Every structure is written in structure tokens, then in C-alpha cells.
Amino acid sequence: MKRYREIIIGAVMAVVAMVAGAGEALAQGYDLNGYTIQSERRRIHTEWGIGVGGVFTGIYELSTPDIRISPRFGFQGHLEMAVCFGRNFAIETELSYEGGTMDVATEGLEHRVRTRTFDIPVLLSLRMANGRIRLSAGPQFTVLSKGEYTEGGDVRLYVPVSPTWNIAAAVGVRISRSFIIEARYIHPLDETYNQFGGKESAPGIEFESRQYRITAGLTLLF
């Protein structure tokens with residue numbers, strides 16, 4: 001699984017690098033072979049941004065009634081890049097980090113699980129109303145997903161809180177030349193296998209879950 005994720009990370013980062021390089025070349029007035037492109041008002045150009053926001057993780061499905069999960073709000077930070085094709089279309093990608101907590105309980109046991117997630121979405125974006133409204137959708141790759149809690153002074157693993165494969169859909173509103181407000185829904189395409197309440201001598205409860213995420217935040221374009 002570790003090697004599998006390394007291959008995914010490498011492939012996604014290679015795509016991001018190629019898209020960024022192509023976008024910069026096109027933005028400067030050249031195609032990929034070095035020939036000049038005659039375009040009006042930089043029809044193909046890049047767009048960069050950095051942003052922060054909040055995230056809520058909800059429970060879509062649990063494989064056992066013996067576990068109770070109460071998600072809490074967390075935070076999110078991201079660096080984004082887009083290659084824009086004229087005024088109405090773009091390919092967007094991000095490096096996004098999320099951190100949060102959730103309360104997990106069984107009969108007689110409850111702990112607060114700390115979560116960390118690193119995602120790379122690759123979205124197709126439709127821009128309308130002169131770029132003021134943005135609708136985006138596409139796959140989101142989770143390359144790091146970790147949950148852990150402390151029991152008796154020892155750190156115990158809850159293991160992944162998000163699968164590798166997800167689908168994201170977003171609505172954004174540009175409120176000025178440099179700021180965008182966006183809300184995003186992230187739907188899991190697979191289950192995660194979790195464990196809770198175990199010790200070295202005895203495993204805890206093992207179960208499957210599906211957890212969706214909703215994020216909302218502000219992005220500064222530069």
C-alpha cells in the first residue's frame with residue numbers, strides 16, 4: 001500500500017508540474033514547441049492562490065453500531081494553481097492540508113481522535129458571470145490520511161480517516177479582484193478500515209467507515 005501511494009503521489013505531482021509548465025509557457029505567448037501564439041488578452045494563462053478555511057467531517061456510513069463518532073470542525077490550508085483557457089474554463093489543482101478532531105466512543109470508552117489529511121484535487125472549472133461564479137468538479141487524491149489518539153500516555157493509531165480516491169464538487173464566488181470564497185463537498189469512493197480501543201495484547205474494535213467532508217474558505221489570488 002505504501003508503494004502504491006508513492007506511485008500515485010509521483011504521478012499526480014508530475015501532472016501538476018507539466019500543467020504548470022505548459023501554462024507558464026502559454027501565458028508568456030509560446031506553445032509547447034516554442035512557437036509564438038497570437039492570443040487576445042492572454043487567453044491561456046495561469047492563476048495562483050493561497051487560502052485558509054474550515055472543514056467539517058460527517059459520517060456517511062459505519063459497519064458496526066458499537067462505535068459512535070461525533071465529528072468536530074477543523075481547519076484547512078491550501079496552495080492552488082489553475083491553467084485558465086479564456087474566460088470560462090480552467091483546470092485547477094491544489095496542495096491541501098487539513099487538521100481536525102473527532103470524538104470516538106464505545107461502551108465505557110471515549111477518546112478524542114486527532115486527524116491529519118493531505119489532498120491533491122484535480123478539478124475542471126467553469127467560470128460564469130465574467131469570472132464571478134465558479135463551478136468545479138473532479139477527482140481528489142488523498143495521499144496522507146492519519147488519525148491517532150492518546151490512551152494511558154501512549155499514542156494509538158486510529159488509522160486512515162479518508163480513502164485515497166474521492167470526488168469533489170465546489171462552488172466559488174469571486175468577491176473582488178483578489179479574493180474568492182468557496183464551499184466544497186468531498187465524497188469518498190471507498191471505505192476506510194479503522195480500529196479503536198485496542199492494546200498491544202488485544203486488538204480493539206475493527207470496523208469500516210465512509211466519511212464525507214465539507215470545506216469552506218477564503219483564497220487570495222496573486
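## Two aromatic pairs

Let's start with a ring: Y97 is partly exposed, with a relative accessible area of 31%. This is a predicted model, so read every value here as computed from predicted coordinates. Y97's partner is F75, and the ring centres of F75 and Y97 sit 6.1 Å apart with the planes at 45°, so the pair is tilted. The cut-offs help here: planes under 30 degrees apart count as stacked and over 60 as edge-to-face, so 45° falls into the tilted class. F75 is partly exposed too, at 49% relative accessibility. In sequence the partners are 22 residues apart, with F75 in strand 3 (residues 73–85) and Y97 in strand 4 (residues 89–106).

The structure holds 6 aromatic pairs. Another one of them is F141 with W165, an edge-to-face pair at 5.4 Å centre to centre and 75° between the planes. F141 belongs to strand 6 and W165 to strand 8, so this pair ties together parts that are 24 residues apart in sequence. What about burial? F141 is buried at 15% relative accessible area, while W165 is partly exposed at 34%.

## The overall layout

Stepping back, the protein chain has 1 helix and 11 strands. The helix comes at the N-terminal end of the element order, and the strands follow: α-β-β-β-β-β-β-β-β-β-β-β. Of the 222 residues in the chain, 41% are buried.

If you like contact maps, take the contacts with a separation of 6 or more: residues 24 or more positions apart account for 62% of them. As for the surface, the chain exposes about 12300 Å², and carbon and sulfur atoms supply 60% of that.

## Salt bridges

Side chains of opposite charge can pair when their charged atoms come close. How many salt bridges does the structure hold? There are 12. One of them joins the side chains of R134 and E47, at 2.9 Å from N to O. That pair links distant parts of the chain, with R134 in strand 6 and E47 in strand 1 (residues 44–62), 87 residues apart. Both R134 and E47 are buried.

E148 and R114 form another bridge, with their closest N and O atoms 3.8 Å apart. Here E148 lies in strand 6 and R114 in strand 5, so the pair ties together parts that are 34 residues apart in sequence. E148 is buried at 18%, but R114 is partly exposed at 36% relative accessibility. Then there's E151 with R156, whose side chains meet at 3.3 Å, N to O. E151 is buried with a relative accessible area of 17%, and R156 also counts as buried, at 18%. On top of the individual pairs, salt bridges that share partners join E47, E92, R127 and R134 into one network.

## A buried histidine

H78 is in strand 3. Is H78 buried or exposed? Its relative accessible area is 8%, and the cut-off for buried is under 20%, so H78 counts as buried.

The side chain of H78 makes a polar contact with the side chain of T219, at 2.9 Å. Which residues does H78 touch once its neighbours within four places in sequence are left aside? They are G49, I50, G51, V52, E94, L95, S96 and T219.

## A nonpolar surface patch

I50 and L95, both contacts of H78, turn up again in a nonpolar patch on the surface. The other members are L79, V173, I175, F179, I181, L218, L220 and F222. Together the patch residues have about 850 Å² of accessible area.

Which elements give two or more residues to the nonpolar patch? These are strand 9 (179–188) and strand 11 (205–221). I175, meanwhile, sits in the loop between strand 8 (165–174) and strand 9.

## A glycine in a loop

Finally, have a look at G131, in the loop between strand 5 (109–128) and strand 6 (133–151). Despite the loop position, G131 is buried, with a relative accessible area of 12%. The C-alpha atoms of G131 and N88 are 7.0 Å apart in space, with the two positions 43 residues apart in sequence numbering.

Methods. Residues are numbered from 1 along each chain as its sequence is written. This is a predicted model: local features need pLDDT of at least 70, side-chain atom pairs count only at pLDDT 80 or more; totals for chains, interfaces and linings use all residues. Side-chain values use heavy atoms; hydrogens and water are left out. Patches are made of residues with over 30% relative accessible area and no salt bridge: like charges are joined within 9 Å, nonpolar side chains (Val, Leu, Ile, Met, Phe, Trp, Tyr) within 5 Å. Accessible areas come from the Shrake-Rupley method with a 1.4 Å probe; for residues, only the protein chains shown count as cover. A salt bridge is a side-chain nitrogen of Lys or Arg within 4 Å of a carboxyl oxygen of Asp or Glu. Helices (H or I, at least four residues) and strands (E, at least two) are DSSP runs, numbered from the N terminus. Buried means under 20% relative accessible area, exposed over 50%, partly exposed in between (1.4 Å probe, protein chains only). Rings of Phe, Tyr and Trp (its six-membered ring) pair if their centres lie within 6.5 Å; planes under 30 degrees apart count as stacked, over 60 as edge-to-face and the rest as tilted. A polar contact is a pair of N or O atoms within 3.5 Å; within protein, one must be able to donate a hydrogen and the other to accept it, and residues adjacent in sequence count only if both atoms are side-chain atoms. Contact means heavy atoms within 4.5 Å.
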